[in-house]
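Me: I should like to study this structure by means of short questions. Please reason through each reply and close with the value or name requested.

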Amino acid sequence: MNLMRWSARLTGVPWRAAPQTAVGTEDGVPSGDVVVPGPRDPTSPATAAELLDPHKPQHLREVLNRIPAPVAVTYGSLHQLAYANRAYRELFGERPTGLPACEALPELATLGVLPLMDQVIRGGRPRSVKARCILGLTGNRYYNVSCVPLGTGDPRDLRDTRDASTDGPPAGVLIFAAEVTDQVLAAARLREAERRQREAAVTLQRSLLPQKLDQPADLRVAATYQPGGAEAAVGGDWYDVIAIDGGRTALVIGDVMGRGLRAAAVMGQLRTAVRAYARLDLPPHEVMRLLDGLAMEIDANQIATCTYAVWDPRRRTLSYASAGHLPMLLRCPDGTILRSEEQNGPPLGTGGGLHVSHTLRLLPGTTGVLYTDGLVERRDEDIDQGLDLLARTLTGAIGAPEVICARLLRAMGVTSEHDDDVAVLAFQLPAGDTAEESPEAAPMEVAAEVAAEAAVEREPALDSVSGEV
């Protein structure tokens, strides 16, 4: 028998041979089952084995015993053991023939192979499992195990008495195990390396975020960061709350494109720069311009989005500029949701873009939310659907800023297995705000229904748009 020709039909054998004409086939094309050769009729053509060695015909038992991979043959509906080759016995020890596989081959039950053997008998088609751990006499090894149907003859003598034209269920099953221990261990080492790298990135990311937020007396703030699941590399999302001169507060949200340690490191540099620029008392669009230049110096191939806003409690105004970031959402005291749709500058790191400052007057009881794209973006949905869902969720998210952050994450389906990291920054003006107003600011007070219209006026000094919310 041609050993290489026959072995090429077993799943997992690493070498192949050119096909040759086989016995029990039609027009020289092998049938779908593994055929066990029987004694040759003197009137029939020469078998493949005899073509190799006319003076010494080989039986399948001898062939299987030479294969270095574990092989076992069973027969009947109870899968009684007919034969186990030398490699199988070396792995598991001697196995009694004639007993059902559940008794003679208990290791197959542990591997979940016995149900596959039943399927092979019923359907007559091969079945297999991958990377199953086998605890044998030589320790833990990993194998891909295949179950192949045998012909309708009696495999106990490892002979095939099947006529090629005979229909019927397979007489037995050949179990073949191809070792993949090296591949499994290499994959495990790779996963462990990725796990350690991800843990390092998460640790770096969290260390670069503020450990404790400033809490202005006239503004309630809270923020949260949720890294992506085990399959998602850590990104460069960040937030910050910065106390600046005049009792004002800067609110920042940003997202560095990309994943891993590099994105986290760039995020840390940008966050440090924002804190420095905030204390220069610059309008938001000037801060964006400086950050844009810095981002290009850090890495010309790395871009980031950012929203920088300044809350002025004396005038009760929020001035902000955006560099390609998602729109800020505001919930007015009457429950109206406003989404910033003003001119949005290009992302940081693109160079030469025009960033514009906008100013809104906020009424007591207003709640605002800044967030990164992981909160609203889904692979199978348009991002506008996520934004609409977030707006509807914010309408009913009542409570302190920390409660709002938690409710938004839960309602948007963000869990520890989320496929992207998420940062959310929520701020809220106390409903009973009695901050002292300048005389020129007093006439700007409007009713809640007018607030929803967000009237716009030009402020040349800041090149900004002013509206009442």
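Me: Is Arg-339 buried, partly exposed or exposed in this model?
Reply: The model is a predicted one. The relative accessible area of Arg-339 is 27%. Buried residues lie under 20% and exposed ones over 50%, so Arg-339 counts as partly exposed.

Me: With which residue does Arg-339 form a salt bridge?
Reply: Side chains of opposite charge can pair when their charged atoms come close. Here the distance from N to O is 2.9 Å. The partner of Arg-339 in this salt bridge is Asp-388.

Me: How many residues apart in sequence are the parts that Asp-388 and Arg-339 tie together?
Reply: Asp-388 belongs to helix H11 (residues 383-396), whereas Arg-339 belongs to strand E12. The pair therefore ties together parts whose separation in sequence is 49 residues.

Me: Which residue forms a salt bridge with Arg-275, and is that residue buried or exposed?
Reply: The closest N and O atoms of the salt bridge are 2.8 Å apart, and the partner of Arg-275 is Asp-240. This pair links distant parts of the chain, with Arg-275 in helix H9 (residues 261-278) and Asp-240 in strand E7 (residues 236-244). Asp-240 has a relative accessibility of 1%. Because buried means under 20%, the description that applies to Asp-240 is buried.

Me: What is the distance between the closest N and O atoms of Glu-107 and Arg-95?
Reply: Glu-107 and Arg-95 form a salt bridge, which requires a nitrogen to oxygen distance within 4 Å. The closest N and O atoms of Glu-107 and Arg-95 are separated by 3.1 Å.

Me: How many disulfides does a search of the whole structure find?
Reply: A disulfide requires two cysteine sulfur atoms within 2.5 Å. Cysteines are present, among them Cys-332, which is buried at 2% relative accessible area, and Cys-405, which is buried at 3%. For the whole structure, the number of disulfides found is zero.

Me: What is the approximate phi of His-79?
Reply: His-79 is found in the loop between strand E1 (71-75) and strand E2 (80-84). At a relative accessible area of 5%, His-79 is buried. His-79 is not a glycine, yet its phi is positive, at about 60 degrees.

Me: Which loop holds Glu-341, a member of a patch of negative charge on the surface?
Reply: Glu-341 gathers in this patch with Asp-380, Glu-381, Asp-382 and Asp-384. Its relative accessibility is 60%, so Glu-341 counts as exposed. Glu-341 lies in the loop between strand E12 (337-339) and strand E13 (357-361).

Technical notes: Residues are numbered from 1 along each chain as its sequence is written. This is a predicted model: local features need pLDDT of at least 70, side-chain atom pairs count only at pLDDT 80 or more; totals for chains, interfaces and linings use all residues. Side-chain values use heavy atoms; hydrogens and water are left out. Patches are made of residues with over 30% relative accessible area and no salt bridge: like charges are joined within 9 Å, nonpolar side chains (Val, Leu, Ile, Met, Phe, Trp, Tyr) within 5 Å. Accessible areas come from the Shrake-Rupley method with a 1.4 Å probe; for residues, only the protein chains shown count as cover. A salt bridge is a side-chain nitrogen of Lys or Arg within 4 Å of a carboxyl oxygen of Asp or Glu. Lys and Arg count as positive and Asp and Glu as negative; His and the chain ends are not counted. The place of a charge is taken as NZ of Lys, CZ of Arg, CG of Asp or CD of Glu. Helices (H or I, at least four residues) and strands (E, at least two) are DSSP runs, numbered from the N terminus. Buried means under 20% relative accessible area, exposed over 50%, partly exposed in between (1.4 Å probe, protein chains only).
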